[in-house]
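Colleague: Hey, got a minute to walk me through a model? I'm new to this, so go easy.

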Amino acid sequence: MRNRFTLAAAPALVCAALITLTSSASAQQHDPATPLAVASKVALRGEANGIAVREMRIVRKNDILVVQADMANMGRTDRTVFYRFKWLDNVGNQVGDGESWKQLSVLGLGQQTVKSVAPTGAAVDLRLEMNVER
Amino acid sequence: MTKNRIQRSALILAFAASTLALSACQNLSSPTVRFDRQVNYGDAKAVELVTNEFGSTDLQMIAEKMTGGLLETGIFQGRPTVTISTVKNKTSEYIDTTNVMSSIQTALVKSGKVRFVRSINEMQQGVDELQRQNQSGLYKQGTTAKVGQMTAAKYTMEGELTSIVKQNNSTKDVYYKFTLKLFDVQEGTIEWQDEKEIRKTSKR
């Protein structure tokens, strides 16, 4: 009887485990070298794999927000980063159609600066969307 | 007797839970009509790495860099008028370079910082419409657009795309450079200029 019970409950357990795995995989795991204030502006897909966003500078030039972010590879292995900036207005809505994704190669222990300019003066905030290929 | 009943209800419950769980894991059908061939819609903004010929990501990156550069400089203070001139394709590939200019123009118009006037290629349609309104005798007087009231462009945009291709047995390297210039029409001076470099390398 107990065997039957275990057999019947197995699919439920597998499904629950799958759901748990998926949710843990989508959690953001920023590199420890990414400052907390910067991490709040970074939407990371998956793991950082040694890529830290060490600094993000935002300035308004001629009514348009301009951002520069420094991506540092904390490991010795070269990494490929896919990233784009998402611009937000004062209520948090996305401004414009969204940027295209860009591919960036960051050499081991190297640093690259990425830059973007808001599409309109309505943009007041931003998110750096990124994922790092292992 | 009661023990048996409890066991039976536990079994039923477990079956019900597993059925529910299985149905949750099962794929639902999607509202599509498709036959044998696998066709899917993808992300138009995704990085396209099919070949190292000029592609959608190159076009998008060029347009974004040029638009960003123009908006950042503040040259468009006072919403000046701009027109698009030629875009030369100096690469060995067939590339619709007007597409690049079109993307730049769209982004700039949406920024609200600049006004575009008809380019040489778009002028004939404008002239035809003016003639239709003023010479066909079909329209009420006072509602027709007047001839000779078009606003001329203060700036004109000129661009060119060049490439350097190198390859050996195993590697092909393509370097693209897009240069955009903004000329003051009256003065003939270059008021702004920027370029976007792209390197694409493929291995066999």
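Modeller: Sure, let's chat about salt bridges, a pocket and confidence.

Modeller: Ground rules: this is a predicted model, where local features need pLDDT of at least 70, side-chain atom pairs count only at pLDDT 80 or more, and totals for chains, interfaces and linings use all residues. Residues are numbered from 1 along each chain as its sequence is written, chains are lettered from A and ligands numbered from 1 in the order in which they are written, and side-chain values use heavy atoms, with hydrogens and water left out.

Colleague: OK, how many salt bridges are there over all chains?

Modeller: The search turns up 19 across the whole structure. A salt bridge here is a side-chain nitrogen of Lys or Arg within 4 Å of a carboxyl oxygen of Asp or Glu.

Colleague: Which residue does A:Asp70 pair with?

Modeller: A:Arg57, with the closest N and O atoms 2.9 Å apart. A:Asp70 sits in strand β3 (residues 64-73) of chain A and A:Arg57 in strand β2 (residues 51-61) of chain A, so the bridge ties together parts 13 residues apart in sequence. Strands are DSSP runs of E, at least two residues, and helices are runs of H or I, at least four, numbered from the N terminus.

Colleague: Is A:Asp70 buried or exposed?

Modeller: Buried, at 9% relative accessible area, while A:Arg57 is partly exposed at 32%. Buried means under 20%, exposed over 50%, and partly exposed in between (1.4 Å probe, protein chains only).

Colleague: And what does A:Lys102 bridge to?

Modeller: A:Glu99, at 3.1 Å between the closest N and O atoms. A:Lys102 is buried at 9%, and A:Glu99 is buried at 10%.

Colleague: Switching topic: which parts of chain B line the second largest pocket?

Modeller: β1 (81-89), α3 (97-111) and α4 (120-135) of chain B each give at least two lining residues. Among the lining residues are B:Ile84, B:Met101 and B:Glu122. A pocket is an open set of points on a 1 Å grid over the protein atoms alone, where a 1.4 Å probe fits, with protein on both sides within 12 Å along at least five of seven lines; lining residues have an atom within 4 Å of a point.

Colleague: Last one: what is the mean pLDDT of chain A?

Modeller: It's 87, and 80% of chain A's residues reach 70 or more. Residues 15-26 of chain A are below 50, though, with 3 contacts beyond near neighbours in sequence. pLDDT is the predictor's confidence in each residue, from 0 to 100, and contact means heavy atoms within 4.5 Å. Where pLDDT is low, the predicted coordinates should not be read in detail.
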